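The questions below ask how certain labels were reached. Each answer sets a value against its cut-off.

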Amino acid sequence: MQQITLTINGKSVTAEVDERTLLLEFIRDVAGYTGTHNGCMEARCGCCAVEVDGEIVKSCNVLALQVAGRSVTTVEGLSPQRLRPLEHITTQSLAGVYKPLDALGADAKDLHPLQSAFHRKHALQCGFCTPGMLMVLKDYLEDNPEPTREDVRRAISGNLCRCTGYQHIVDAAMDAAQQMRVAAAGADSTADAADA
Amino acid sequence: MKAFTFLAPEALDEAVALLDRHGRDARPIAGGQSLLLAMKDRIARPSVLVSLAGLADLRGWRYSPSGELEIGAATTYAALISAQFGGWHGEISAVAADLADRPVRTMGTIGGALCQADPRFDMPALAVGLGASVDTASAGGARTIPAAELFAASGGTVLGPGEILTTVRFPTLGAFSGVAFEKFRQRVFDAAVVSAVCGLRLDADARVADARIVLGAVAQAPVIAQRTGRQMTGRTLTEHDIAELGAAAMEEVLPVSQAMSSFHRYQRELVGVLVRRAITRALDQARS
Ligand SMILES: Cc1cc2nc3c(=O)[nH]c(=O)nc-3n(C[C@H](O)[C@H](O)[C@H](O)COP(=O)(O)OP(=O)(O)OC[C@H]3O[C@@H](n4cnc5c(N)ncnc54)[C@H](O)[C@@H]3O)c2cc1C
Ligand code: FES
Ligand code: FES
């Protein structure tokens with residue numbers, strides 16, 4: 001056993017863990033952020049993707065000890081709003097008026113541009129792959145603000161989705177890229193104004 | 001996974017001493033992208049892991065005074081991509097950018113890929129194809145090994161237990177006028193079914209002064225197609241010549257008599273196609 005500290009979504013988490021603990025297990029079982037999914041445990045599906053100091057990794061293929069002391073962002077860190085616990089989602093209510101954002105007490109404007117684009121463009125069905133898709137695309141779009149559809153497909157080549165057929169995910173990524181460019185331009189002009 | 005102790009030395013000599021002390025039970029871990037998969041399946045069961053991530057000497061790259069490109073063994077693919085090397089060294093960045101996937105490239109290292117020595121991986125074929133060599137350190141001392149001799153014909157590397165690969169050296173920009181790495185894989189993030197590397201130098205009359213052709217994934221270690229390489233020298237290559245060279249490489253590397261299964265026959269066809277593509281692209285680069 002070895003004691004380690006990681007910062008997860010800005011919060012410092014210290015625990016004594018078995019050396020074999022994967023970063024994925026630390027995030028889910030020790031820190032309690034279950035948004036990061038375990039889909040394969042062999043670096044194939046991408047459901048477990050998180051950022052470590054701003055760089056994307058598959059957390060099922062990294063030991064927690066390899067990233068001791070570093071700062072991790074999970075899907076919960078994308079829009080740090082407090083979501084209401086889910087109470088009344090049943091198959092019945094799903095079939096009727098399913099308003100996922102309402103159910104969570106969330107506001108669309110507080111979502112990360114990728115999250116709101118996924119919502120608008122129907123980029124998820126079961127949602128199992130979504131946390132990984134969001135994290136990989138966030139990392140990718142921040143470095144590549146003007147991708148082609150082909151670029152986006154390559155960026156998510158390590159992420160499997162068994163539901164959507166990927167089309168809507170690519171649509172959402174293109175849409176989010178546009179929103180992120182607008183936001184970045186806005187931030188630049190605000191900075192310029194402040195400089196002047 | 002079997003239980004292990006995790007050690008994180010901060011200097012190379014410390015890492016060498018730790019590996020020496022723990023002998024065959026110890027294994028270096030760089031990015032862990034191959035090793036952790038093997039440990040989860042209990043194919044690898046080290047009882048001590050010595051992390052190379054904290055060794056500053058093993059990260060980054062520099063040009064030696066003679067112009068060789070020296071890349072630290074624990075340099076990640078992501079770092080190789082952002083390095084954007086000049087001249088033909090740029091092919092190293094391009095290859096790093098087109099393998100595995102974005103998250104794996106954050107962790108995976110060039111030295112890890114060479115030491116894992118999976119014949120379908122790109123870096124082994126690239127290193128042999130471009131005439132690289134590697135420096136190693138161990139309790140027994142340091143040595144330099146040409147990449148062509150690093151890989152054992154029966155698979156794996158010739159490194160001893162506890163021997164750390166420290167640097168991968170690529171020759172000077174003058175060594176080649178054009179290089180190209182080509183591969184074929186079923187899906188973007190699969191390992192190569194076949195890969196081919198061509199490195200060539202042209203003389204003042206645009207004739208091939210010397211050339212190397214290397215194939216990956218067709219045997220347990222990268223294969224140098226020596227005969228095909230020799231056939232190229234002294235000639236001004238036309239499209240027709242390149243087609244013949246592709247066919248020659250097929251005969252040399254996977255002759256019909258050895259291509260018994262349908263998979264090997266498929267690989268044989270790919271050798272022809274990829275060698276043609278690699279020569280064409282290397283020539284284009286050399287002539288431009
Ligand atoms: C999902 C996935 C897809 C992939 N796709 C591709 C692909 O398309 N093409 C491709 O080429 N590769 C691919 N790879 C393989 C990838 O290139 C390697 O896993 C990676 O580069 C290994 O580097 P590492 O630093 O993670 O090595 P580790 O896993 O840390 O180590 C691998 C082995 O080398 C030893 N070792 C590591 N560094 C040293 C050193 N400096 N000295 C001595 N021994 C050392 C370790 O002890 C271990 O035995 C893929 C991997 C994954 C997980
Ligand atoms: S759980 Fe990590 S890639 Fe599938
Ligand atoms: S939405 Fe179900 S796996 Fe992608």
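**Contacts, cover and rings**

Q: What makes the approach of Ala30(B) to ligand 1 a polar contact?
A: In this predicted model, a backbone N or O atom of Ala30(B) lies 2.8 Å from an oxygen atom of ligand 1. The cut-off for a pair of N or O atoms is 3.5 Å, so the pair counts as a polar contact.

Q: Which other backbone atoms are placed in this way around ligand 1?
A: A polar backbone atom of Gly32(B) is 2.7 Å from an oxygen atom of ligand 1. A polar backbone atom of Leu165(B) is 2.8 Å from a nitrogen atom of the ligand. Both values lie within 3.5 Å, so these are polar contacts too.

Q: How much of ligand 1 does the protein cover?
A: On its own, ligand 1 has 960 Å² of accessible area, and the protein covers 96% of it.

Q: Which elements give two or more residues to the shell around ligand 1?
A: They are strand S2 (26-29), helix H2 (35-40), helix H6 (110-116) and strand S8, of chain B. The largest share, four residues, comes from H6(B).

Q: Why is the site called shared between chains?
A: Ligand 1 is surrounded by residues from chains A and B, so the site is shared. Among the 31 residues around the ligand, Pro28(B), Ser34(B), Leu35(B), Tyr77(B) and Thr109(B) come nearest. The shell has 19 nonpolar, eight polar and four charged residues.

Q: How many aromatic pairs does the structure hold?
A: There are four over all chains.

Q: Why are Trp88(B) and Phe176(B) called an edge-to-face pair?
A: Their centres are 5.1 Å apart and their planes 85° apart. The centres lie within 6.5 Å and the angle is over 60 degrees, so the rings form an edge-to-face pair.

Q: What does this pair of Trp88(B) and Phe176(B) tie together?
A: Trp88(B) lies in the loop between helices H3 and H4 of chain B, and Phe176(B) in the loop between strands S8 and S9, so the pair ties together parts 88 residues apart in sequence. Both residues are buried.

Q: Why does Phe184(B) count as partly exposed?
A: Its relative accessibility is 27%. Buried means under 20% and exposed over 50%, so Phe184(B) falls in between. Tyr266(B), at 36%, also counts as partly exposed.

Q: How confident is the predictor in chain B?
A: The mean pLDDT of chain B is 97, and 100% of its residues reach 70 or more. For the complex, the predictor gives an ipTM of 0.94 and a pTM of 0.95.

Conventions:
Residues are numbered from 1 along each chain as its sequence is written. Chains are lettered from A and ligands numbered from 1 in the order in which they are written. This is a predicted model: local features need pLDDT of at least 70, side-chain atom pairs count only at pLDDT 80 or more; totals for chains, interfaces and linings use all residues. Side-chain values use heavy atoms; hydrogens and water are left out. Rings of Phe, Tyr and Trp (its six-membered ring) pair if their centres lie within 6.5 Å; planes under 30 degrees apart count as stacked, over 60 as edge-to-face and the rest as tilted. Buried means under 20% relative accessible area, exposed over 50%, partly exposed in between (1.4 Å probe, protein chains only). pLDDT is the predictor's confidence in each residue, from 0 to 100. A residue is near a molecule or strand if one of its heavy atoms lies within 4 Å of it. A polar contact is a pair of N or O atoms within 3.5 Å; within protein, one must be able to donate a hydrogen and the other to accept it, and residues adjacent in sequence count only if both atoms are side-chain atoms. Accessible areas come from the Shrake-Rupley method with a 1.4 Å probe; for residues, only the protein chains shown count as cover. Ala, Val, Leu, Ile, Met, Phe, Trp, Tyr, Cys and Pro count as nonpolar, Asp, Glu, Lys and Arg as charged, and the others, Gly among them, as polar.
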